[in-house]
Amino acid sequence: MRGRGVVDGVGRGVLVAPDKFKGSLTAAEVAAHVAAGLRRAVPGVEVETLPVADGGDGTVDAALAAGFERREVKVAGPLGHPVTAAFAIRGDTAVVEMAEASGLRRLPAGTLAPLTASTHGSGELLRAALDSGARTVVLGVGGSATTDGGAGMLTALGARFLDERGEPVGPGGGGLADLAEADLTGLDPRLASVELVLASDVDNPLTGSHGAAAVYGPQKGASPADVTLLDDALTRFAAALAPDLADRPGAGAAGGVGYAALLLGARFRAGIEVMLDVLGFTEALARADLVITGEGALDEQTLRGKAPAGVAAAARAAGKEVLAVCGRLTLPPEALHRAGITAAYPLTALEPDPAVCIAQAGPLLETLAAGIAERHLRRG
């Protein structure tokens with residue numbers, strides 16, 4: 001529903017634009033529950049929902065909720081096993097989420113493979129987007145199981161990485177330790193005429209103490225020895241291709257997929273900014289007077305390019321008030337205000353047990369939203 005409603009004689013349209021509550025609700029589900037709570041308390045309110053994402057898990061879902069078409073394709077998971085992955089397309093613009101093919105959630109339960117997990121499936125997904133006629137591809141990165149510098153992705157697109165015997169190196173970042181020759185002559189020629197946008201919320205370089213292996217490798221099961229091996233392997237990889245790109249912001253995103261994307265000519269942009277453009281946020285914002293955003297935890301990480309911070313910044317620039325909902329809140333009021341958020345409402349204000357908040361997030365969000373409506377939409 002779009003436009004401006006009348007609440008107690010005062011017109012006020014609401015745009016609900018949250019990210020997911022990780023481990024509990026998708027962004028679309030969060031938006032639906034918030035909208036239901038608002039309407040329950042103030043039946044006449046006009047509410048428009050626009051789930052958002054910052055390039056990581058949930059990016060394709062957000063695009064689908066905004067009217068993109070879902071396409072599915074069989075690709076290799078991070079360990080080579082087949083998985084069904086999805087991308088989103090509308091017209092000649094595609095949204096590809098690398099976690100769909102190469103994410104931690106694609107690993108068998110309880111299995112981590114820091115040295116051998118590959119992004120080959122992400123390359124297959126990107127190729128499928130090209131096959132569907134995409135001329136602009138937004139590559140959302142985050143939640144990856146891999147630290148291979150995007151070598152697997154490039155291989156799926158036609159590159160070859162060989163050892164001293166002229167044989168293909170093994171999968172994953174560990175295999176790059178044996179790299180002797182990189183051959184990009186077989187890359188899909190369509191890549192030269194496609195606008196590729198690297199959408200990420202991290203700006204780490206590829207290697208070094210702030211690089212892909214050192215910062216994110218341990219989250220993917222890498223031991224200190226593994227981190228050293230992977231960082232050396234990525235350094236070797238970059239030296240064989242384009243050393244100057246290794247220090248570019250975003251090169252270390254998603255285990256180095258950012259580096260491979262930059263090698264293909266991608267333009268690096270903050271994930272939430274890209275997605276707001278793709279999803280039509282500016283147009284939706286123009287129809288609203290109040291914006292409600294949110295995510296599972298509003299904390300210091302939120303302020304470093306996460307979706308709610310991006311939504312709030314854009315809304316504040318347009319002179320719109322912003323509220324936030326979340327599962328857990330650790331930011332003080334002054335930090336919220338600096339981010340452009342008037343107030344934030346956590347589920348823990350209704351239910352102190354985090355396990356219950358996760359299990360009952362939907363009903364609790366509706367109750368929370370009803371309270372927000374009573375406080376911010378009614379006047380009298």
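**Notebook: the six-stranded sheet**

Started at one residue pair: Ser200 sits opposite Ala270 of β12. I kept in mind that this is a predicted model.

Next I looked up which strand brings that pairing about. It is β11, residues 195-200, which is linked to β12 by 4 bridges, the two running parallel.

Then I traced the whole sheet. I found it open, with 6 strands in the order β5-β6-β7-β8-β11-β12 and mixed pairing. Which strands stand at the edges? They are β5 (69-76) and β12 (267-270); each has a single partner strand, so one side of each lacks a neighbour in the sheet. I also noted the twist: on average, neighbouring strands are turned by 30 degrees against each other, direction ignored.

Moved on to the β5 end. β5 and β6 run antiparallel, joined by 8 bridges. Within this pairing I picked out Val73, whose bridge partner in β6 is Ala85. The hairpin of these two strands has 5 residues between them, and there I found Gly80 with a positive phi near 95 degrees.

One strand further, β6 and β7 are also antiparallel, over 3 bridges. Here Ala88 is opposite Val95 in β7. This hairpin has 2 residues between its strands, and Gly91 in the turn takes a positive phi of about 65 degrees.

Last, I checked the helices. α4 (residues 120-131) packs on the sheet and touches β5, β6 (82-90), β7 (93-97), β8 (136-140) and β11. I read its direction as about 140 degrees from that of β5. α10 (residues 271-279) lies across β6, β7, β8, β11 and β12, and runs at about 90 degrees to β12.

Definitions and conventions. Residues numbered from 1 in each chain as written. Predicted model: local features only at pLDDT ≥ 70, side-chain atom pairs only at ≥ 80, totals over all residues. Heavy atoms only, no water. Pairing = 2+ DSSP bridges. Axes fitted to C-alpha atoms, helices over the stretch in contact; angles between N-to-C directions. Contact = heavy atoms within 4.5 Å.
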